[in-house]
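Here is a short briefing to read alongside the structure. Have the viewer open and follow along at your own pace.

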Amino acid sequence: MTSSDLTDRRSVTAELARREAMLETIGYAATRIVGGGDWQAGIQDLLARLGKAAEVDRVTLFETHKGPDNEMVQSCRYDWCVSPLKPISSDPRYQNMPIKDPETPDDDEFDDWARRRQRGEVIQTVRSATSGYTREVFEEHGTLSFLSVPLTAGGRWWGFLGFDDCRTERAWTEIEIDVLRTAAALIAGAIERQQTEAEIARQREALHQSEKLTALGSLLAGVAHELNNPLSVVVGQALLLEEATRDSALTGRAQKIRYAAERCSKIVRTFLALARRREPEARPVQLNAIVGMAVDLLGYQLRTSGVELTLDLAPDLPAFMADADQLHQVTTNLIVNAEQALAERPAPRRLKISTRFDKARQALRLVVADNGPGIEPEIRSRIFDPFFTTKPAGQGTGIGLSLCMTIVGTHRGSITPSETPGGGATFTVELPLAGLPAPKPAPALEPASRDNEPGRRILVVDDEVEIAETLAEILTDLGHRVEMVSQGAAALNQLKAGPFDLILSDLKMPVLDGPGLYAALQRDYPAMTGKIAFLTGDTLSQRQGEFLAETGAACLEKPFTPDDVRRFVGHLLQQAH
């Protein structure tokens, strides 16, 4: 046997041994990476096995992704190397690397490699065939031969596996390349499976959150009805008291009661907007005025908690179209969150609220910054999720920041958390000056006078006696004859004695509710269907909304003022005349 034959036999034997080792590695990848729960847990061991089987000195796994400026970059996520080579995955130079190196605008080699990888091509080269920046990189790392195999996961180019041989310029055989393609495909399959599982988990969580919001909507619909009924009495009676008394001190007290009740009602409507995605009510508002109201409301609470409040409000901010009550809720929630976070920190506890106008962006900015514990990075992406809270049971509902996100979103703005310089949390709310579109003008109702068609026969149907009595008092004062019943069946009995000029009925009642009463009128007293109007404490109820849209019946929302009732009834009586 000649020495040439012996060399060839040794070469073939080495090739077979390398191929067998690579195939064993593929088997390992199939069980450990694909069959395992988390591909990342076994990737480091797999890269080491691939490197030893392929007889190379370095194996790298690069991911292509969007960088800090939303441009496409590549980063070395994992690598393995023999001694004395050093890993590059911990080298900042190999994180967020531009696909095209900005320092080498005339070097098209990397650009060409990126295009070829996107097409699914395997790239192999040797140092002597390179030039320019590529040659410099090869020399820095001692690379004599290089092979890269692309990875495609989820229908997109995910990255590539890189193999560096620092001992010889070599050419990989087709069989070796096919084996390494198989390894890359197994890794890509594991990545795609994890992406799919993450998407399923995200969708499951979104469904779970949607179900919770639906439940919240049903709960708040009932809360709205139960709160708006007594608030109607408080608002109505306070206004009647204002009108009846000539004592300025008593009038002032009645006004304070009415203002507080109206604010409670607006808060209920804001929570309904969270649950039902109701459109905000746009009016010209001043951001500084909203901040001032929130600070007035919470000033005592902040002082007793030892919080040093600093206001840095830019003067002469332009007005913009927004829902003042909803933005007041946002500001209040952010201040309360900051106060609760600061309670965990020793003095000094500082809270700074700033407002600015960005002329270039034509946007108003509200910044609430504290020097509290800040927001841990691992939960920052979840703080706006409904019902997510880090507070102990009984100290937080987890809907405050979700409410803020919803409200700011409906105002076409953004809310962004960040770290306060020196420690703490900062929330920046940006609201476009264009704001919300101006509301369409509602059809004007003729102002009602005290002698406007007096003496009409009106039936009030409401299971809340206090509301029925308040309505009766307002209408009797106008000269109308009012009868009261507590539910729909009793109203039908009253109609047996003769027709009414107008029926004012609550929508939500026991036994026979508003829609049920309307159906009974269609059947037994069809002429009265044009003379019935409704009252409700939850106009956001889908069922009630569909009923009102279908029948075209007029509706007055609770809580109402005496003047609201006068205009509403006057308009209805004029239409029926």
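The notes below cover a sheet with its helices, and then one aspartate.

This is a predicted model. In it, 5 strands make up an open sheet with parallel pairing, and aspartate 79 is a buried residue without a salt bridge.

**The sheet**
- Reading across the sheet, the strand order is S15-S14-S16-S17-S18.
- Strands S15 (481-485) and S18 (555-557) are at the edges with a single partner strand each, so one side of each has no neighbour in the sheet.
- On average, neighbouring strands of this sheet are turned by 20° against each other, direction ignored.
- Strand S14 (residues 457-461) runs parallel to S15 and is joined to S15 by 5 bridges.
- Within that pairing, valine 460 has methionine 484 of S15 as its bridge partner.

**Helices on the sheet**
- Helix H10 (residues 465-477) lies across S14, S15, S16 (502-506) and S17 (532-536), and runs at about 175° to S15.
- Helix H12 (residues 514-524) also packs on the sheet, where it touches S16 and S17 and its direction makes about 170° with that of S17.

**Aspartate 79**
- You will find aspartate 79 in strand S2 (residues 72-81).
- Which side chain of opposite charge is nearest to aspartate 79? It is arginine 58, 4.8 Å away; a salt bridge needs a distance within 4 Å, so this pair does not count as one.
- The aspartate 79 side chain reaches the backbone nitrogen of isoleucine 88 at 2.6 Å, and a polar contact of 2.8 Å links it to the side chain of serine 89.
- Leaving aside neighbours within four places in sequence, the contacts of aspartate 79 include Gln44, Leu47, Val59, Thr60 and Pro87.

Methods: Residues numbered from 1 in each chain as written. Predicted model: local features only at pLDDT ≥ 70, side-chain atom pairs only at ≥ 80, totals over all residues. Heavy atoms only, no water. Pairing = 2+ DSSP bridges. Helix = DSSP H or I, 4+ residues; strand = E, 2+ residues; numbered from the N terminus. Axes fitted to C-alpha atoms, helices over the stretch in contact; angles between N-to-C directions. Contact = heavy atoms within 4.5 Å. Buried < 20%, exposed > 50% of the residue type's maximum accessible area, 1.4 Å probe, protein only. Lys, Arg positive; Asp, Glu negative; His and termini not counted. Polar contact = N/O pair within 3.5 Å; in protein donor to acceptor, adjacent residues only side chain to side chain.
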